[in-house]
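Me: I would like a close look at one part of this protein. Please start from a single residue and work outward.

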Amino acid sequence: MSNLSASSTDPDTLTPIAADLTALNTFGLASTAQAYVRIVSPRQLPALSALAKRHGRVFVLGGGSNVVLPSTMDGLVAHMAIPGIRLLEAREDAWVVEAGGGENWHGFVDHCLRQGWDGLENLALIPGTVGAAPVQNIGAYGVELDQRFLGLSAWDIERGEMIEMSARDCHFAYRDSRFKHDEPGRWLIVAVRFALPRPWRPVLDYPDLQRHPALASLPPAGSIDTRTALSARAVFDAVCAIRREKLPDPAVIGNAGSFFKNPIVTADRHASLRQRYPGLVAYPQKDGRYKLAAGWLIDQCGWKGRSMGAAGVHDRQALVLVNRGGARAADILALAGAIRADVKARYGVDLEPEPVRP
Ligand code: EPU
């Protein structure tokens, strides 16, 4: 089996190799691909489409931070690694920035801040690639990707052509987009464009951010020119500190971030749950419904810190499942199933997994 470094080929052609994917998924699940190609340039895309016809099934792998990989991957695994970050336009109302789908997300956010292109700081330290970010419409600490998104270029693997998509075309919703619903393996997100609003305004509404020592002493929003009081870098640092405190580092302990979405329920359902469980953590939505904190529900069921075989629940954030060493997809899925059953039995709420299962 290849160690992957041997996989580079002629820039316009692609030769699939067998590959070990264990180090290419942040859960660290043991997984092997029969046919793996690494895409480093748009010039390889026609060759990818030709290969896809032969292999039938294609799975696009980005940073591997939101997947539960099976032990054996059938079909073709296309590893997206196209790099590049550039400023497309310095508009008066926004910096327009484009990044290759293979860029590391956190590295991209950091790079933007260094250039003075502020606005993505709340999304610091989210594992994964730029190309995967629109798939699940990543979000954290009060900002969601679609609020900064301008457009993307996606390669239609099936038809062998590049398609430009606007935000509307992507059907963004909470941790959701068309890419989770269209035929699996159809799209490869090659480049993503962002509009980062000028002048910059910090987003500090999320409770954890308001409580953070570096930000708690600020005057109320609007009372001063926020840019003179605070830098985007300070928000970035605070977000990184909060995440490091709560979320396990995949380099140390395998995980895929939040394993479940926060479920959204009707106002009636929320009211009856709150009556029975006054401590319920819930956030009102614009449409009148409520988003429940799945981590709280799981925690209340007593799962925090527990294990089932090699799969476990993180001891500081019950929404995160972890690989305690040598776990396989089946271990993670068995634990997830037990948690879902408990939450359903106690609260009548269905939890939906966030990571993708190829
Ligand atoms: N809570 C508990 N026990 C727990 C975990 C959480 O009681 O074990 C409570 C917390 O006390 C808090 C509430 O639940 O009152 C929400 O917790 P937190 O602020 O940690 O956020 P979350 O809803 O669990 C979401 C995202 C995270 C994102 C944070 C911050 C989802 C599925 N998850 O988590 O995203 O970083 O908000 O914005 O929406 C990810 O998607 O992988 C991810 C990490």
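Does Pro134 count as buried or exposed?

Reply: Pro134 counts as buried, because its relative accessibility is 0%. Buried means under 20% relative accessible area, and exposed means over 50%, with partly exposed in between (1.4 Å probe, protein chains only). This is a predicted model, where local features need pLDDT of at least 70 and side-chain atom pairs count only at pLDDT 80 or more, while totals for chains, interfaces and linings use all residues. Residues are numbered from 1 along each chain as its sequence is written, and side-chain values use heavy atoms, with hydrogens and water left out.

Pro134 sits in the loop that runs between helix H2 (105-115) and strand E7 (139-140). Helices (H or I, at least four residues) and strands (E, at least two) are DSSP runs, numbered from the N terminus. Outside its neighbours within four places in sequence, Pro134 has contacts with Leu145, Phe149, Leu152, Phe172, Ser177, Phe179, Ile189 and Val192; contact means heavy atoms within 4.5 Å. Val192 is 58 residues apart from Pro134 along the chain, yet their C-alpha atoms are separated by 8.3 Å.

H2 and E7, which flank the loop of Pro134, are also among the elements that cover the buried residues of H7. Helix H4 (207-211) and helix H5 (213-216) are included in that cover as well. The buried residues of H7 are Ala232, Val235, Phe236, Ala238, Val239, Cys240, Ile242 and Arg243.

Phe179, one of the contacts of Pro134, leads to the second largest pocket. A pocket is an open set of points on a 1 Å grid over the protein atoms alone, where a 1.4 Å probe fits, with protein on both sides within 12 Å along at least five of seven lines; lining residues have an atom within 4 Å of a point. The second largest pocket holds about 930 Å³ of space, a volume filled by probe spheres set on the grid points, which are joined across faces, edges and corners. It is lined by 42 residues, and those closest to its centre are Phe59, Val60, Phe179, Gly185 and Trp187. Helix H1 (45-55), strand E3 (58-61) and strand E11 (187-197) each supply at least two residues of this lining. E3 gives the most, with 4 residues.

The second largest pocket lies between domain 1 (4-80) and domain 2 (85-244), because both give residues to its lining. The domain bounds come from an automatic or database domain assignment.
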